[in-house]
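Got your viewer ready? Load the model, pick a cartoon view, and follow along one selection at a time.

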Amino acid sequence: MSEYSAYQQLQPDPKYTYKLLQLPPSILSQLEKESTNLHIKSDINSLVLCTNSQTFKLRQMNHSNTVLLMNKYEEGEDSSKLIGFQKATYEYELSETKGTIDTSEVPVYNGKTVSHGTQHVSLKELEDDSLCSHEEFVSNWHELGGCEIDGGAYIMSVDVITDLLFLVITKLMSLGKDGSFVTEDVSSVLNSSNNASMLRSVLYKFTTVDSNKSMVLNDGKITEWFGIVELSKTNNRLISQSEFLLNWKTSLPSFYNPPLNIVQLHGYYCSPMENKILYIDPNSLSDNLGQRFKELFELDKKWKYEEFVPFILKFVPAGKKVDSVTLKFGKKKKVGKDKYIVCPR
């Protein structure tokens, strides 16, 4: 075993401050194998470290009596002396988290002409300010229906996305492309009110990429989108399931015939009467779990369990079971073989 003598520098250099950062194996392996840029981003509440594909939340871990050491070089001989050059009263611990985009300042594009003189945040500025890795940003941006118009970042309205998606599917059906396709197959759907950024966002939002790197329509995601849009048109009135299914079917482009199932729309309706449904915008409900239960019970006193759970699932704390939360704010009753309802306590 080597022997070292150690002593502390009496006056740390005031020009430098050193901080300790724990790097998980996934980041270390990237740093060892390739040229990887690490970015630290923050907002008023959070501090994150981003690689090209992952986002990590930084948490300060306080401790005491830690001194950073380094070898003391002495010319002409191997140094066995260590010098303490800085004290450290805390270190940063990293835990992987999902990257997010703050869209509160991003305007919605509703199909109207955008003035060239309008000043909005650019897509690059939005990414720099988002607590998100680059790959997550691109994926999330497409999922949000984001696009770039005249150098500014916009999110397409529901109507704009629906119209463009309808045009894309219609074009593919006319070409007999019910399997894989490439962007060039649908590029002609663009007109003066659309641009390549909008088309790219819609394509990535509603397709998957096969082994040949061609695009394939994601039927489940597409039909769910049209179903939610059609439900929202009911203006908060009860509608029979049969009438809604007919409206849902006719809202799809001609010759596009994927299967439809009301189960796809769980989390967007309730069934207060037999064979009738009522549209619910989940974004209109409270983010407070107790208040959300109260609002849901005001809409229906006897929820089908499978229709109720999607409204609360993302608010269930990590490590807790859905049923334990359900029993805290309501009751779960068995009403038949493998059939349950959720009702007020």
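Select Lys-331 to begin: standing opposite this residue, in strand 18, is Cys-343. Before going further, a word on the model: it is predicted, local features need pLDDT of at least 70, side-chain atom pairs count only at pLDDT 80 or more, and totals for chains, interfaces and linings use all residues. Residues are numbered from 1 along each chain as its sequence is written, and side-chain values use heavy atoms, with hydrogens and water left out.

Now widen the selection to 331–336 and 339–343, which are strand 17 and strand 18; they pair in the antiparallel sense over 5 bridges. (Strands are DSSP runs of E, at least two residues, and helices are runs of H or I, at least four residues, numbered from the N terminus; two strands pair if DSSP finds at least two bridges between them.) Strand 17 and strand 18 form a hairpin with 2 residues between them. Click on Asp-338 in that turn and you'll find a positive phi of about 60 degrees.

Next, colour the chain by domain. The assignment, which is automatic or from a database, gives domain 1 (20–97), domain 2 (108–217) and domain 3 (282–344). Zoom in where domain 1 meets domain 2: 12 residues from domain 1 and 9 residues from domain 2 take part in the contact, meaning heavy atoms within 4.5 Å.

How much area do domain 1 and domain 2 bury between them? About 750 Å², with 49% of it on carbon and sulfur atoms. (Buried area is the accessible area, with a 1.4 Å probe, that two parts lose on being put together, summed over both.) Select Lys-41, Asn-52 and Ser-53 in domain 1: they lose the most area to domain 2, together 58% of what that side buries.

What holds charges and polar atoms here? The rule finds 0 salt bridges across the interface of domain 1 and domain 2, a salt bridge being a side-chain nitrogen of Lys or Arg within 4 Å of a carboxyl oxygen of Asp or Glu. There are, however, 9 residue pairs in polar contact between domain 1 and domain 2, both residues at pLDDT 80 or more. (That is a pair of N or O atoms within 3.5 Å, where one must be able to donate a hydrogen and the other to accept it; residues adjacent in sequence count only if both atoms are side-chain atoms.)

Highlight strand 3 (39–42) and strand 4 (47–50), since each supplies at least two residues of the side of domain 1 that touches domain 2. These two strands pair in the antiparallel sense over 4 bridges, and a hairpin joins them through 4 residues. Ile-40 has Leu-49 in strand 4 as its bridge partner.

Move on to 108–109 and 146–149. These are strand 7 and strand 8, the edge strands, each pairing on one side only, in an open sheet of 3 strands with the order 7-9-8 and mixed pairing. Strand 8 runs antiparallel to strand 9 (residues 152–156), joined by 4 bridges; Gly-146 is partnered with Ile-155 there.

Then select Asp-128 and Lys-124. They form a salt bridge, with the closest N and O atoms 2.9 Å apart. Why do they sit about one helical turn apart? Because they are 4 residues apart in helix 2 (residues 123–129). The structure holds 8 salt bridges.

Last stop: another open sheet of 3 strands, ordered 10-12-11 with antiparallel pairing. Pick Phe-181, whose bridge partner in strand 12 is Met-215.
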